[in-house]
Every structure is written in C-alpha cells, then in structure tokens.
Amino acid sequence: MKVKIERYSGFCFGVENAIRLTEEALKSEEEIFCLGHIVHNEAEVKRLEDLGLKTINHDEFRTLRNSKVVIRAHGEPPETYAIARENNIEIIEATCPIVKKIHKKIRKHYEKTGTEVQNLIYGKKEHAEVVGLLGQTEGNSILISGLEDVIQINFNKPAEIFSQTTKSRGKYAEVINEIKKGYEKEGHDPEKMLEVNNTICGQVANREPGLKKFCSEHDVIVFVSGKNSSNGRMLYGVCSKINTAAYFISDISEIEESWFDHASTVGVCGATSTPRWLIKKVAGRIEMIPGKKK
Ligand code: SF4
C-alpha cells in the first residue's frame, strides 16, 4: 500500500507566522497567554501548551493585568485592544496580515459611510475571525451565515460585503447572487447597489483544485484537521465530494485499519490549521498497516 502526503497540506503562512511569534515569546522567562486556542488544532495547541503557553478565554482576559497575551491569526475586535490598554497587557500581535488588511478596509469604509451603506459580513456565526470582522463597525454590520440570512438586508439601501477568509468561493458566490436578486426585485441595479470584496484567502481557496486532483488519484483519503477548523471542514467537503472513501480524523487514534482493506494507494492531506508534523505522523501510522486484502 502506497501512502502519499499532499504537497500543499499544512499551515498557511498566517498560522505559521502566529506559531513562530508564539514560540519566540515562549523562549522568555515570562508567562505567555494566548487569547483563545492559537490554532484550531488540538494537537498543536497541546504542543505549545507543553512549552508553557497558557490559553485563556475572553472572560479570563478581562481579569488579567500586567501580562503578555498573544492575539492569534484570526484577529480580534478593537474592544480587545482597548481592554489590553486599560489593564496594562502587552499584546503579541500575531493577527494574520491578510486579516489585518480586511479589518482596515472595513473600518475605513465604515468611517466614510457610517450606516448609510450596510456592511455585510459573510461567515460562520461566532467564529473568532468573524467576531473580529464584525467588531470593526461598532456592532453595525449584518452577519450573513447562509442564504436564509439575506432577508435581513434592506434592499433599498446600498451594501458592501466581505467574506470570512476561509469560506468556499462557490458558497460566497451563491450568497452574492441571492443578494443581487433581492436588489433586482426592488427594481435596483445590483451592480450599483452592492460592492463585493473578494476577501477569501488564496491560501485556502487555491488549495481546492490541487486537492481535488489528489483525491481522485488515491483509493482512500485521510484528511487530518482539528474538529473546529472552518477551513478543515470546507476542504474536507471538497475531498469527500471527489472520493467517497475520504475520512476526517484529528488524531492517529481515530484511524481504523479496515478503511484500507482494499486500498492500493492512500492519500493523506490536511487543513491550513493542521501542522505538517501531524500529517506526517498519520502517514507513518498508515504505512505500518499490513498490506491490502484480496
Ligand atoms: S487562511 Fe489566509 S487569511 Fe487565514 S490565517 Fe491563513 S493566510 Fe491568513
């Protein structure tokens, strides 16, 4: 049985950057906190916690004083920075530069147009990155998590839309289409009423074509990702559409030998939040499984 790892699976540069900054901070003698899990991957969180990183939630963050706190790649709303200033908390800024740029764009637009132009955020409810995006407009944005939320839009007012960086391009296009239909129904030109920002990150979306090809080339696919990873769920969806023998796992203990009973080739891949070392560990474990049954 041949086992192959997909070439591009593993951390995106935003997560890689956040992990590097955190590892550097952990070299100091000081206590280092991280606001939320550094990455949506349990194994990598554990590795960094073993090095001394302390994960805290937002309630714990509010009670913290005179400390150092990592802001992970997903970013945070302005409120978090205000609390840090008040409580003498030093921020270790690991927000992905791409996310930072989107924050800036939303803020700039909001400062210019206020509530005259509706600010729409397409993303998963309560996802950390989405909380950060929504926070840029003082609570004046409309969250669109799916087609059913489009009803909240006032189709007699212009709007601008931004997407969470890890969403699927296809689903974003469906939402945009639905919004345009809403404007048309009210007799408006959707091209004039809706400004679309292409904020889906190429580090996720560009993996789709390669992943599809990879999944079609193997008998069995093992996709490695944290259970709460948005891009993991999205990319696994891509894999399972192409290959019906695609399995989602977070840890090697979840591997079942029977999956490979009739397999000659196995492909191992993962999300932008999956460490490469874990993907290699999974591939190594599968290689140890006895050959195919006739
Ligand atoms: S997926 Fe893109 S935007 Fe998100 S952390 Fe990675 S590089 Fe940054």
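Helices, of at least four residues, and strands, of at least two, are DSSP runs numbered from the N terminus; on that footing, Asn-66 is found in the loop between helix 3 (58-63) and strand 4. The structure described here is a predicted model. Its protein chain is divided into domain 1 (2-10 + 206-287), domain 2 (13-96) and domain 3 (98-164 + 167-200). The points below cover the domains, two open sheets, the nonpolar cores, the surroundings of the ligand and some individual residues.

**Domains**

- Domain 1 is made of two stretches, 2-10 and 206-287, and domain 3 also has two, 98-164 and 167-200, whereas domain 2 is given as 13-96.
- The C-alpha centres of domain 1 and domain 2 are 29 Å apart.
- To the contact between these domains, domain 1 contributes eleven residues and domain 2 contributes seven residues.

**The sheet with order 3-2-4-5**

- Four strands form an open sheet in the order 3-2-4-5, and their pairing is parallel.
- Strand 3 (54-56) and strand 5 (90-93) are at the edges with a single partner strand each, so one side of each has no neighbour in the sheet.
- From one strand to the next, the twist of this sheet averages 35°.
- Strand 2 (residues 32-35) runs parallel to strand 4 (residues 68-71), and three bridges join them.
- Within this pair, Cys-34 is placed opposite Val-70 of strand 4.
- Strand 2 also pairs with strand 3 in the parallel sense, over three bridges.
- Here Leu-35 stands opposite Ile-56, which belongs to strand 3.

**The sheet with order 7-6-8-9**

- Another open sheet of four strands has the order 7-6-8-9, again with parallel pairing.
- Its edge strands, strand 7 (141-144) and strand 9 (194-196), each pair on one side only.
- The twist in this sheet averages 25° from one strand to the next.
- Strand 6 (residues 118-122) and strand 7 run parallel and are joined by four bridges.
- Asn-119 stands opposite Ser-141 in strand 7.
- Helix 7 (residues 169-185) lies across strand 6, strand 7, strand 8 (159-163) and strand 9, and runs at about 165° to strand 9.

**Nonpolar cores**

- In soluble globular proteins, nonpolar side chains tend to be buried together.
- The largest nonpolar core in this model holds 48 residues, and Ile-38, Val-70 and Ile-121 are those with the most contacts inside it.
- Helix 6 (residues 128-134) provides the largest share of this core, namely five residues.
- Both domain 2 (13-96) and domain 3 (98-164 + 167-200) give residues to this core, so the core lies between them.
- Another core, of 26 residues, lies apart from it and includes Leu-235, Tyr-236, Ile-279 and Ile-286.
- Leaving out residues up to four places away in sequence, Ile-121 touches Val-130, Leu-133, Leu-134, Ser-141, Leu-143, Ile-144 and Phe-162.
- Two residues named above appear again here: Val-70, which faces Cys-34 across the strand pair, and Ser-141, which stands opposite Asn-119.

**Around the ligand**

- There are 14 residues around the ligand, of which Cys-12, Gly-14, Cys-96, Thr-165 and Cys-201 come nearest.
- Helix 1 (13-26), helix 5 (97-113) and helix 9 (202-205) are the elements that give two or more residues to this shell.
- The largest share of the shell, three residues, comes from helix 1.

**Individual residues**

- Asn-66 has a phi near 45°, a positive value in a residue other than glycine.
- Asn-66 counts as exposed because it has 8 C-beta neighbours inside 10 Å, and the cut-off for exposed is 12 or fewer.
- Asn-88 is found in the loop between helix 4 (78-86) and strand 5.
- Phi of Asn-88 is near 55°, also a positive value in a residue other than glycine.
- With 10 other C-beta atoms within 10 Å, Asn-88 is exposed.
- Lys-192 lies in helix 8 (residues 190-193).
- Lys-192 is likewise exposed, since 9 other C-beta atoms lie within 10 Å.
- Lys-192 and Ala-159 are 33 residues apart along the chain, and their C-alpha atoms are separated by 9.4 Å.

Key:
Residues are numbered from 1 along each chain as its sequence is written. This is a predicted model: local features need pLDDT of at least 70, side-chain atom pairs count only at pLDDT 80 or more; totals for chains, interfaces and linings use all residues. Two strands pair if DSSP finds at least two bridges between them. Axes are lines fitted to C-alpha atoms, for helices over the stretch in contact, and angles run from 0 to 180 degrees between N-to-C directions. A nonpolar core is a set of buried Ala, Val, Leu, Ile, Met, Phe, Trp, Tyr and Cys residues joined through C-beta atoms within 7 Å. A residue is buried if 20 or more other C-beta atoms lie within 10 Å of its own, exposed if 12 or fewer, and partly exposed in between; C-beta atoms are placed from the backbone. Domain bounds come from an automatic or database domain assignment. Two residues are in contact if their C-beta atoms, placed from the backbone, lie within 7 Å. A residue is near a molecule or strand if its C-beta atom, placed from the backbone, lies within 6 Å of it.
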